[in-house]
Each structure stands twice: as structure tokens, then as C-alpha cells.
Amino acid sequence: MATCIHSSRTTQTPPPPPAQTNPNIDDDDDGVFNDYVKYCRTNFSELVKSKSIACVDPREKIEDLWLLMKDEARSDVEQEPILSSYYFDSILSHGSMENALANYLSMKLSNSSLPSGTLYDLFLGVLTESQEIMWAVNDDLRAVKERDPACISYVHCFLNFKGFLACQSHRIAHNLWSKGRKILALLIQNRVSEVFAVDIHPGAKIGRGVMLDHATGLVVGETAVIGDNVSILHNVTLGGTGKDSGDRHPKIGNGVLIGAGTCVLGNVRIENGAKIGAGSVVLKQVPARTTAVGNPAKLIGGKENPVKLDKMPGLTMDHTLHISEWSDYVI
């Protein structure tokens with residue numbers, strides 16, 4: 001039986017590490033916002049009440065999801081027999097999600113001077129040694145399926161959503177970067193940028209349950225931090241402000257939604273549960289559970305008494321709630 005997050009028993013095997021979080025961008029909700037179980041919840045009041053909720057062993061979740069994906073692949077082959085070889089090579093011939101992901105990414109990122117076999121061995125080694133990455137892969141798949149109505153199945157996301165593939169490639173590159181293998185990590189960054197049009201520096205830190213929707217034109221700087229259950233759309237820049245060195249990129253809290261075409265510049269914090277409207281330019285901190293819109297971005301409701309969101313926008317994907325309170329623009 002899976003252990004509980006808040007368990008007083010000392011004889012049980014401790015649960016796997018919780019979803020990656022940045023302790024410097026916590027909300028005031030007694031730390032509950034950062035619990036792994038938040039992934040399934042969208043209401044802040046529910047989060048505060050969820051002090052003792054059992055979690056599922058991530059290893060079981062990965063295996064269950066992989067079996068489901070293989071069933072989805074077989075169903076797809078029945079509908080489109082001409083894709084049988086493609087699905088066999090990509091999904092059905094592999095015994096685990098780690099093997100399939102390493103194989104698929106190696107095929108995508110290889111070129112004439114960077115053989116797929118070399119990349120496969122490298123990627124599989126990282127994914128096998130770092131179970132935290134596979135727990136994040138599992139959460140990312142579920143996040144896309146839950147939040148994106150265009151995603152028809154898990155295997156559809158795994159094979160066709162370049163935001164998901166770019167994010168998992170980054171996880172591997174970040175693992176290598178953290179171990180001092182920076183040249184190799186930067187090479188993977190370059191190939192991901194060329195293949196997927198997504199440029200994430202391998203030094204950036206990304207949490208779990210993340211959806212990079214469409215993802216084309218996404219740029220994330222070296223010292224950026226992205227929390228758990230964050231949703232980011234295309235053409236978003238999490239960048240610096242010039243030639244400053246050191247810690248110079250944005251810090252994105254848990255449950256944040258960042259609309260398309262947004263620029264967040266400098267070492268500013270977008271606190272937990274905040275929402276940034278499409279096309280905004282953010283240069284200052286955005287408080288938790290507020291909405292910032294415009295160029296330069298301003299808080300809906302004003303700085304002194306901003307409108308507070310009662311649900312996590314990174315999960316609800318509601319881009320327009322309260323926007324009417326910011327502008328009387330009418331077509």
C-alpha cells in the first residue's frame with residue numbers, strides 16, 4: 001500500500017521525493033500548495049484542507065500509464081494499419097517508457113554526425129539512473145492530456161507534441177549539466193532548438209506536471225526556475241535584461257499560467273497561482289493568485305487590492321477570467 005505524504009509511521013518505506021519545488025516562491029497556504037497531491041486539485045480551499053491524503057507510488061503510475069499507452073497504440077494501428085511499423089518501432093517494441101522515450105528522442109535529435117545509437121545509450125543511461133525524471137515525464141504526460149482538449153490520447157502526446165518532447169529532452173540535458181557534462185548538455189540544447197524550435201538552457205530548472213503548449217518560440221534562460229503544474233504557451237520568453245551575469249532570469253511559481261507571446265524579463269518572481277495574460281511584458285514581481293496583463297503588465301484590480309484567483313490557472317487554463325475588469329475594449 002502506498003505511503004502517505006503526512007504519515008507519522010516510521011516503519012514504512014518513505015515515499016519518493018515530492019514534485020520539484022522552489023522553496024523561495026511558496027504561497028502562504030501552509031506549504032500545502034507544494035504537496036505532490038496538488039496536481040489533482042484546482043481549488044485553493046481544497047488544497048488547504050488536504051493535510052492527509054494518500055499518494056500513489058509514482059513507479060506504479062508510470063507502469064500503469066505505459067500499459068495504457070501500449071493499448072492506445074494498438075488501437076491506433078487497428079484504425080490505421082499503414083502506421084503499424086511506426087508504432088511498433090516507437091512504442092510496441094519497447095518494454096518500458098524509459099526505453100521508448102530514449103529511443104524516440106534519439107531518433108528525433110540525431111543527425112549525420114550524431115548517431116541515434118550514441119544518443120540512445122546516453123539518454124537511456126540518464127533515464128534509468130534518474131527515476132525523478134521519469135516521475136516528471138509521467139506527470140507531464142498526464143498534465144497535457146488533462147489540460148489540452150486537442151490531445152486525444154497519451155500516446156498522441158508522447159509521439160506528436162513537441163512541447164512535451166522538448167521538455168523531456170531538457171530534463172536529460174539538465175541532468176548532464178548538473179553533473180558537469182556541460183558541453184554535451186549544450187549540444188542537446190542546440191539540437192532541441194533546431195528540431196523543435198524550443199530553446200531552454202540546460203541550467204534552467206523545471207518542475208513536474210508542466211505543459212509547454214505548442215511551444216514554438218519558447219525561450220528559457222540559464223537561471224530561470226519553473227515550478228510544478230505550470231502551463232506555458234508558445235512564443236514566451238523567460239529572459240534576462242541585458243548583459244548582467246549571475247542569477248538573472250525569472251522564477252515561476254507553482255500553478256502559474258503564462259499566455260502566448262509573453263515576455264518575463266529579469267530576476268523577477270511570478271508567485272504561485274498567478275496568471276499572465278497573452279502578449280504581456282512583465283518586469284516586476286507578480287503576487288500569488290493575481291492576474292497581470294498588458295505592456296507593461298499591470299495587476300487586475302490594481303496594485304493595492306488586486307483580484308485574487310480561487311483556482312490554479314496552470315490547471316484550469318482559463319485565459320480570460322477577470323480580463324473584462326482590466327479593459328472595456330469591445331469589438
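Colleague: Which residues of helix α3 are buried?
Modeller: This is a predicted model, in which local features need pLDDT of at least 70, side-chain atom pairs count only at pLDDT 80 or more, and totals for chains, interfaces and linings use all residues. Helix α3 (a DSSP run of H or I, at least four residues, numbered from the N terminus) covers residues 84–92. Its buried residues (under 20% relative accessible area, 1.4 Å probe, protein chains only) are Tyr87, Ser90 and Ile91.

Colleague: Why do the buried residues of α3 line one face of the helix?
Modeller: Picture looking down the axis of α3 and marking where Tyr87, Ser90 and Ile91 point. The directions run from the helix axis to the C-beta atoms. The buried residues of α3 line one face because they fall within an arc of 80°.

Colleague: How many disulfides does the structure hold?
Modeller: Residues are numbered from 1 along each chain as its sequence is written, and side-chain values use heavy atoms, with hydrogens and water left out. A disulfide needs two cysteine sulfur atoms within 2.5 Å. The number of disulfides in this structure is 0.

Colleague: Which cysteine has the sulfur nearest to that of Cys151?
Modeller: Cys151 takes part in no disulfide. Its nearest cysteine sulfur lies 4.9 Å away and belongs to Cys157.

Colleague: Is Cys151 buried or exposed?
Modeller: The relative accessible area of Cys151 is 6%. That puts Cys151 in the class called buried.

Colleague: And how does Cys263 count?
Modeller: The relative accessibility of Cys263 is 25%. Partly exposed runs between buried and exposed, the latter being over 50%. Cys263 therefore counts as partly exposed.

How values were computed. Helix = DSSP H or I, 4+ residues; strand = E, 2+ residues; numbered from the N terminus.
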